[in-house]
Protein chains: 2
Amino acid sequence: MSPDLGHKFEADELRPFEVAVIGGGIIGLAMTCGLLNRGIRVKLYEQAQAFGEVGAGIAFTACAQRCMEQLDPAILEAFWQAGAVPLSSSAGSTDPNDYLRWVDGFNSHPGRDPRWQEPLYELSAGVKGFVAVRRDEFASRLLKLLPADAFELQKRLEDIVDETVGGHGERTGRKVLVFADGTTATVDAVIGCDGIKSKVRELMLGRDNPASYPTYTHVAAYRAVIPMDTAIRLLGERKAKTFNNHVGPGANILHYAISNQTLVNITAFVSDEGEWPDHHKLTSDDGSKAHLQEVFARFNPTIVDLISVLPETLPKWAIFDLAEYPLPAFHSGRVVLAGDAAHASAPQHGAGAGIGMEDALCLVTLLDRVCRETAPPERPYAALEAAFASFDAVRRTRCQWFVNSSRRITDLHQQHEWGDPAKLLKVRSCFEEIKDRSHKIWHFDYEGMLKEAIGKYEELLSRRGA
Amino acid sequence: MSPDLGHKFEADELRPFEVAVIGGGIIGLAMTCGLLNRGIRVKLYEQAQAFGEVGAGIAFTACAQRCMEQLDPAILEAFWQAGAVPLSSSAGSTDPNDYLRWVDGFNSHPGRDPRWQEPLYELSAGVKGFVAVRRDEFASRLLKLLPADAFELQKRLEDIVDETVGGHGERTGRKVLVFADGTTATVDAVIGCDGIKSKVRELMLGRDNPASYPTYTHVAAYRAVIPMDTAIRLLGERKAKTFNNHVGPGANILHYAISNQTLVNITAFVSDEGEWPDHHKLTSDDGSKAHLQEVFARFNPTIVDLISVLPETLPKWAIFDLAEYPLPAFHSGRVVLAGDAAHASAPQHGAGAGIGMEDALCLVTLLDRVCRETAPPERPYAALEAAFASFDAVRRTRCQWFVNSSRRITDLHQQHEWGDPAKLLKVRSCFEEIKDRSHKIWHFDYEGMLKEAIGKYEELLSRRGA
């Protein structure tokens, strides 16, 4: 925690409500830190036996880093301590900017070494503008920021019910969280940060609502890590040490250096017209290299060789998102969703967690505002509802745009015309759109968002009061 | 012409080159005005017997209007004198802004009058931010700005060849325009403003280059004009008097008031999986109302009724564009393309001509800059080539993005899921993208573009000089 004690509240009467955060992923942890940093009473409930994120990397833009810092400077410190690395800091050049680069993954060019790949586009994200970290490292650093009484493990949420008292079952207004182990917790507001398979979402929208569940984007992703020297041999030093996205018909493959330049993380995205067999199991460890070899058989020999050095089986995941049935609202009364629970998206923008940080900063700022009401009632329920409604009003359009945009970017990376040399000028004209979409994510005016959120909150609250 | 005499050159030695503009459409006319306004020697060649545009309306954003004014204030005056009308000035409200509005053209809603249509989105274009004019009226006003010796009719371009002199056929560097009537004209630079079927484009790229020709976007458009009182009866007064775009599966229909509120111009866009039979004939007068009735049969009854009052046959055009084979460059040496000749697009942004005005302002500014070289050589060919190369560098990305975006917007307006009530939340989430795309067009920093163009010109010229 940052020692911003002037910011804190000492007596419970100045902290007039209790919040539960459901889900101990990156966003749930950061949300909890941010709330604690503002003296808000909060407890995080995680269903697992321990905080353990899958090991894949996630990237944060400069904007997302500033949101972390606003939540709590300690979060940004934890990020760097967890070994965060600017995606292209490793290029060995004196240029301090991070770049995303796109490369023609498919075509070879007459009169050139067939392994030569045409550079298509590069986009500067600025200094430390695109910084990757291992999820598990970052999560365990964030966990250290929480006091022991701020979280509980092995608390699998089963239901959220209204608390009642007395013989007539009069409602108190509080929410009772019912866990699978038979225990309960009673709070004033619930924040669901429980990810793509969110239970809070299902409870909020109902079991029969298609918006309660994510659907298959018809893309599967395969992940592998190879030694840097192998990557340099196949890709050349500059490409191996920086972020590159090799686009092609029906598939694209991207990679970036991790682990202090000793390893290269590779992700292959493959379009898949079929249905995903089991909606309960979205990841497996039996991805088949033979299948990838088939998919990439006609790609540039550099890519064919890159596939050839992958292990015979590798982790594979089905990419599901909330694009087909977007949520009608991110909140219902004093239950609200944030992060993937609200807007799970395909990962091709590399910015989903950052959008979740914007959510967290928005919600934390609004709840802080609720605490600061000059004469807070004992249970400021109208204010909490106004805060969540304001969050919904301010965030939903951007977040659902982001879900759509992640699908669109995937489509652009995998246009079938990448495989048709006569259409290269056409497909290359997509980068202006990719730039605009990236800039909309990266150069977000989060301060404007916070102002708008507070304004909306005040408007809603005065309307309720009137 | 504006009386900015200080701006003009009196002696030919200060006007060191001659330009031909090919094509007397709106952009060719505006380009010629803009060049004359800067004292540049120019003649416009039009293939038709008279300047006669098809009567359809075109709209200009506030940005496009400012470009007109920068070309020559007289162009903007001509625009208003031609009867230009802000698209929604007619709403009868005190709100001075122009709005584009989208309406659900398909669904009826349980518990409501089946004719009720859900408003989906509105976008303010600001005061006089989206202003429509009849093409023919505007063109004839622009023509009046040209002195009689600034244009020639019935000059159908057949070829552009290099001028040679002497027994050895030494090239002078000048370009000879060869017309179908056997006459020629010799100039130093050629600007092709000859529209979607541009001959200059074909001559520049070659007959066998697919980029020489537009291709079918698989959308056909039908146009009709109905009396305002009929429109009010069917649509209600507010809708009838303002711009509305009714979206639906596989088709959309838009309308706006024209002719001083007495008429409503209606355009229906219908997706068409087939091929267009005759690439030489993109328009016809035998569009069939019966076909439209079939296409719109399942739409909201308001739209079904609107179709029922159209004439039995109506003008129809195939929408072709340059998206499939975008140009590798907008210029070759001292021949350059602008407007639809360079980037013909589908009309659903309603902004194609405005993008052409940006082209014209960019080119005219660069050619003015060539005139202002402190010591212009007798024939400043390197400078002219640098000007055209700079135009290409500054304009091509934006213009080709616009062509793609026009297709994308059409797709969004005609998503098949507009017909599926369970998918309404999904399809409605497209408007954030439509807003971003519209704003990119409307809020263009044309002054930044001009600065960039001059900078690029100077860089290219100094490189050639070095």
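## Two copies, one shared surface

Set aside the neighbours within four places in sequence, and B:Pro96 is in contact with B:Val127 and B:Lys128. This is a predicted model, so keep that in mind as we walk through it. You'll find B:Pro96 in the loop that runs between strand E4 (85–86) and strand E5 (97–104) of chain B. Is B:Pro96 buried or exposed? With a relative accessibility of 52%, B:Pro96 counts as exposed, because the cut-off for exposed is over 50%. As for B:Ala351, which is 255 residues away along the chain, its C-alpha and that of B:Pro96 are separated by 21 Å.

Now for the inside of chain B, starting with helix H3 (residues 73–81). Its buried residues are B:Ala74, B:Ile75, B:Leu76, B:Ala78 and B:Phe79. What covers them? The cover over the buried residues of H3(B) includes helix H1 (26–37), strand E3 (57–61), helix H2 (62–71), strand E7 (130–134) and helix H4 (135–144) of chain B. At the N-terminal end of H3(B), B:Asp72 acts as the cap, with a side-chain oxygen 2.9 Å from the backbone nitrogen of B:Ala74. After H3(B) comes B:Gly83, and its phi is positive, near 90°.

Over in chain A, have a look at strand E3 (residues 57–61). Four of its five residues are buried, so the strand is mostly covered. E3(A) pairs with strand E7 (residues 130–134) of chain A in the antiparallel sense, over five bridges. One of the partners in E7(A) is A:Phe130, which bridges to A:Thr61.

Next, how the two chains sit together. Chain B superposes on chain A after a rotation of 180° with 0.0 Å of shift along the axis, at an RMSD of 0.0 Å. The two copies are therefore related as by a two-fold rotation axis. Which C-alpha of chain B is nearest the axis? That of B:Asp436, at 4.5 Å from it. Both copies use the same surface, too: 100% of the contact residues of chain B recur in chain A.

Here is the interface between chain B and chain A in numbers:

| What is counted | Value |
|---|---|
| Residues in contact | 21 residues of chain B with 21 residues of chain A |
| Buried area | about 1900 Å², 50% of it on carbon and sulfur atoms |
| Salt bridges | 10 salt bridges |
| Polar contacts | 12 residue pairs, both at pLDDT 80 or more |

Which elements of chain B give two or more residues to the side that touches chain A? They are helix H12 (381–413), helix H13 (424–428) and helix H14 (431–442) of chain B. H14(B) gives the most to that side, with five residues.

Chain B and chain A bury about 1900 Å² between them. On the chain B side, B:Leu425, B:Lys426 and B:Glu432 lose the most area to chain A, together 23% of what that side buries. For one salt bridge up close, look at B:Lys440 and A:Glu432: their side chains meet at 2.6 Å, N to O.

One last residue from chain A is A:Lys423, in the loop between helix H12 (381–413) and helix H13 (424–428) of chain A. A:Lys423 has a relative accessible area of 9%, so it is buried; the cut-off for that is under 20%. Which residues is A:Lys423 in contact with, leaving aside its neighbours within four places in sequence? They are A:Glu417 from chain A, plus B:Glu324 and B:Tyr325 from chain B.

Terms used
Residues are numbered from 1 along each chain as its sequence is written. Chains are lettered from A and ligands numbered from 1 in the order in which they are written. This is a predicted model: local features need pLDDT of at least 70, side-chain atom pairs count only at pLDDT 80 or more; totals for chains, interfaces and linings use all residues. Side-chain values use heavy atoms; hydrogens and water are left out. Buried means under 20% relative accessible area, exposed over 50%, partly exposed in between (1.4 Å probe, protein chains only). Two strands pair if DSSP finds at least two bridges between them. Copies are superposed by least squares on the C-alpha atoms of residues with pLDDT of at least 70 in both. Contact means heavy atoms within 4.5 Å. Buried area is the accessible area (1.4 Å probe) that two parts lose on being put together, summed over both. A salt bridge is a side-chain nitrogen of Lys or Arg within 4 Å of a carboxyl oxygen of Asp or Glu. A polar contact is a pair of N or O atoms within 3.5 Å; within protein, one must be able to donate a hydrogen and the other to accept it, and residues adjacent in sequence count only if both atoms are side-chain atoms.
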